[in-house]
Amino acid sequence: MVKAFIVSTSEPVSKEELDSLGVLQWKLDADNYDSEGKLKTICEERGYTYKDVVHIQNTVTPDYEAKLKIFFTEHLHLDEEIRFFLDGSGYFDIRSANDDWIRIHCEKGDLIILV
């Protein structure tokens, strides 16, 4: 499962608090997710019909530095934001109910949905 903490204090954030903020999370088998079936079930239950794969890596991603800058700008999504980590790791920053920044660390196999 993901690990999360308040950026200003490094205080850990519990799964329950993430749940209350609309962060859903699962741990899937990133190497066998098709045969495992959990991702398919989650997509069907939530009505997802579209998938794409994005590689964010300096040796793979065209215009890597410019692409990264997009992720450092605060923005909102009108729809659910879904991220499944097939490999590597990354961070998502969200605001708490108290306006604190919470950093969520995701690794291979983590699926998060921000609702």
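A residue is called buried under 20% relative accessible area, exposed over 50% and partly exposed in between, using a 1.4 Å probe and protein chains only. This is a predicted model, where local features need pLDDT of at least 70, side-chain atom pairs count only at pLDDT 80 or more, and totals for chains, interfaces and linings use all residues. Residues are numbered from 1 along each chain as its sequence is written, and side-chain values use heavy atoms, leaving out hydrogens and water.

Let's start with the rings. Rings of Phe, Tyr and Trp (its six-membered ring) pair if their centres lie within 6.5 Å, with planes under 30 degrees apart counted as stacked, over 60 as edge-to-face and the rest as tilted. That rule gives two aromatic pairs. Tyrosine 33 meets phenylalanine 84 edge-to-face, at 5.4 Å centre to centre and 85 degrees between the planes. Tyrosine 33 itself is partly exposed, at 23%. The other pair, phenylalanine 85 with phenylalanine 92, is also edge-to-face, at 6.4 Å and 85 degrees. Here phenylalanine 85 is buried at 14%, and phenylalanine 92 is buried at 15%.

Now follow the chain into strand 4 (residues 89–95), where strands are DSSP runs of E, at least two residues, numbered from the N terminus. Gly90, Phe92 and Ile94 point to one face and are buried, whereas Ser89, Tyr91, Asp93 and Arg95 point to the other and are not. In a regular strand, side chains alternate between the two faces of the sheet.

Strand 4 pairs with strand 5 (residues 101–107) in the antiparallel sense over seven bridges; pairing requires at least two DSSP bridges. Isoleucine 94 has isoleucine 102 as its bridge partner.

Definitions and conventions. Helix = DSSP H or I, 4+ residues; strand = E, 2+ residues; numbered from the N terminus.
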